[in-house]
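This report describes selected features of the structure shown below. It covers strand pairing, the ligand surroundings and several individual residues.

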Amino acid sequence: MKQEVESRFGNLTTEAAVLRRNSIAALFEQEPNRLARFVVEAAGLRLDLSKQLIDATALDGLLAIAEAAGVAEARSAMIAGATINPTEQRAVLHMALRAAGGYPHSADVAAVLERMQSLVDEVRSGRRTGHTGRRITDVVNIGIGGSHLGPQLACDALRYASDAPLGVHFLANVDGGELDRIVTRLDPATTLFIVASKSFTTAETRLNATSARTWLTGALGDEAVARHFVAVSSRPERAVEFGLAADNVFPMWDWVGGRYSLWSAIGLPIALALGMPVFRELLAGAAAMDTHFVEAPAARNMPLMLALVGLWNCHCLGAESYAVVPYDDRLRYLPDYLQQLEMESNGKRVGLDGTLLDHHTAPVTWGGLGTNAQHAFFQLLHQGTRLVPVDFICALEHPAAPREHHDMLLANCFAQAEALMLGRRFPGGAPDARGIDLAAHRESPGNRPSSMLTMARLEPRTLGALIALYEHKTFVQSVVWGINAFDQWGVELGKELATGILGEITGDAPPAQHGPSTAALVAAYRSLRAHDQN
Ligand code: F6P
């Protein structure tokens, strides 16, 4: 399998070499049909791949790779509920969470949505009050990774859809400073906590939940927990052991991966902040992208095309990372969200059969907001030695931004993509009187690839479609690489070592064998701690 991946991309080497000597700008003249071929529309999104350093021949080659890799068959297996996450023996059915029906488990999904609806209606209407009878004004989501990033992204992205009855806060990091920053602004009597943890064993979430409970009960007494804590977990019994009443625990399921879970009850903060109709619209947008992914022919299939262009950039043009640059403050958490989605899913070094791969997998996903990023890392994109493709993302209309701001924002977005493509030559090339060849310093080589993803408006449906687009892109790439996108064993070792070191730091456990550097750190912190306690 692994050799097949190498040789499949190897077949495109010649085409890649030809294209590297060509220019993206020239491709528009050589391929009169280029825009029609490289612009795809779906579910309210328009993806323009025409500024990539790719041509029709290369694209045909990539489509053939997807076919040979069995993307269509893998997609069918996912939809049918097959165990496509073999190392955890799980199906992968996040698409069932946003479908109107027709998937395995659709009845369970509908039942949980109904339960979410009643909690959301009760809290937002003020019928469900806190322990002292006061209205809930703030919701704190306690969760990390997939139990945090999606809800945080959606709440912020859809802020204009809110009728603002509730403030929503996200407590993810075990850094006590984050807990302090959040709770100091809140009143226990009017705060509802959601403990969001698929496993309900994540150490950070458990400590944060325990500290939040202490903060609450310190002010209102133990009985207050029943009206101020709900939980979401695929192991509801653990939430009950933690002290929550069973009817305050919302289920999710093993067949929903953590980083694919915002569509489940993990999305409760979204629904509480914005209302259930908004949450259902978000689901509908994702479902529209699912339908497109399943039904659209390969050459017009947006997730497939996005995935293939990403593979092309890595395997044929040598890109080791790519940057996500939304020109929209509402999408400021998108790079963080995509980092988990893509890098936790596809940051793998063995194939599905466990053998070591001899090809690369996920590139580094990173990014930041335009225009700020232009004044930070864009210098490297324009003139650095590394090839970093960019995904530009923007909405053509904005519900609140003054026109002159939005005009300038979008002008910059479009200009950066064009500047990366065209570059700029400077005549001259001879040192001036000071011995400086300024032309060489000013020149930008251009031919740097980017994608432009636009939508008329950023609203629940288009946000749902956008997130589902990247989910499916991630899946397609995993199939071509022959890896399991749905496990994450690599994060376990650090968790285990942290548990051991915590025991040593707090003095309960004897010091373990560490490397000299770690041993010195532990010793220094232990002695500081001992000194502080005296
Ligand atoms: O970081 C590993 C991870 O397991 C992620 O995959 C997951 O989203 C996160 O931890 C949180 O897990 P849980 O929802 O079980 O607390």
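## Pairing of β2 with β11 and β1

In this predicted model, strand β2 (residues 45-48) and strand β11 (residues 450-455) run antiparallel and are joined by 4 bridges. Within this pair, Arg-46 has Thr-454 of β11 as its bridge partner. Strand β2 also pairs with β1: 4 bridges join the two strands, and they run antiparallel. Here Val-40 stands opposite Leu-47 in β2.

A hairpin is formed by β1 and β2, with 2 residues between them. Ala-43 lies in the loop between these strands. Its phi is near 50 degrees, a positive value in a residue other than glycine. The relative accessible area of Ala-43 is 29%; because buried means under 20% and exposed means over 50%, Ala-43 is classed as partly exposed.

## The mixed sheet

The strands just described belong to an open sheet of 6 strands in the order β1-β2-β11-β10-β8-β9, with mixed pairing. Its edge strands are β1 (39-42) and β9 (364-367), each of which pairs on one side only. From one strand to the next, the twist averages 20 degrees. In a regular strand, side chains alternate between the two faces of the sheet.

Several loops adjoin strands of this sheet. Pro-389 is placed in the loop between α17 (378-383) and β10 (390-395). With 4% relative accessibility, Pro-389 counts as buried. The C-alpha atoms of Pro-389 and Gln-52 are 8.3 Å apart in space, although the two residues are 337 residues apart in sequence. The loop between β9 and α17 contains Thr-371. The peptide bond leading from Gly-370 to Thr-371 is cis, and its omega is near 5 degrees.

A further loop, between β8 (321-326) and α16 (334-346), holds Asp-328. Asp-328 is buried, its relative accessible area being 3%. The side chain of Asp-328 makes a polar contact of 2.7 Å with that of Arg-330.

## The parallel sheet

A second group of 5 strands forms an open sheet in the order β4-β3-β5-β6-β7, and its pairing is parallel. The edge strands, each pairing on one side only, are β4 (167-171) and β7 (249-251). On average, neighbouring strands of this sheet are turned by 20 degrees against each other, direction ignored.

At one end of the order, strand β6 (residues 229-233) and β7 run parallel and are joined by 3 bridges. Ser-233 has Pro-251 in β7 as its bridge partner. Strand β5 (191-196) is followed by a loop that leads to α10 (203-220) and contains Phe-200. Phe-200 has a phi near 55 degrees, a positive value in a residue other than glycine. At 2% relative accessibility, Phe-200 counts as buried.

## Surroundings of the ligand

Which residues come nearest to the ligand? Of the 14 residues around the ligand, these are Ser-147, Ser-197, Ser-199, Thr-202 and Glu-344. By class, the shell comprises 2 nonpolar, 8 polar and 4 charged residues.

Oxygen atoms of the ligand take part in several short N or O distances. A side-chain N or O atom of Ser-147 is 2.6 Å from an oxygen atom of the ligand. For Lys-198, a backbone N or O atom lies 2.8 Å from a ligand oxygen atom. For Gln-340, an N or O atom in the side chain is 3.2 Å from an oxygen atom of the ligand. Taken alone, the ligand exposes 390 Å², and the protein buries 87% of that area.

## A buried residue in helix α20

Is Gln-477 in helix α20 (residues 460-481) buried or exposed? Gln-477 has a relative accessible area of 6%; because this value falls under the 20% cut-off, the residue is buried. Gln-477 and Leu-306 are 171 residues apart along the chain, and their C-alpha atoms are separated by 9.5 Å.

Key. Residues numbered from 1 in each chain as written. Predicted model: local features only at pLDDT ≥ 70, side-chain atom pairs only at ≥ 80, totals over all residues. Heavy atoms only, no water. Pairing = 2+ DSSP bridges. Axes fitted to C-alpha atoms, helices over the stretch in contact; angles between N-to-C directions. Near = heavy atom within 4 Å. Polar contact = N/O pair within 3.5 Å; in protein donor to acceptor, adjacent residues only side chain to side chain. Areas by Shrake-Rupley, 256 points an atom, 1.4 Å probe, with all protein chains shown as cover. Nonpolar A, V, L, I, M, F, W, Y, C, P; charged D, E, K, R; others polar. Buried < 20%, exposed > 50% of the residue type's maximum accessible area, 1.4 Å probe, protein only.
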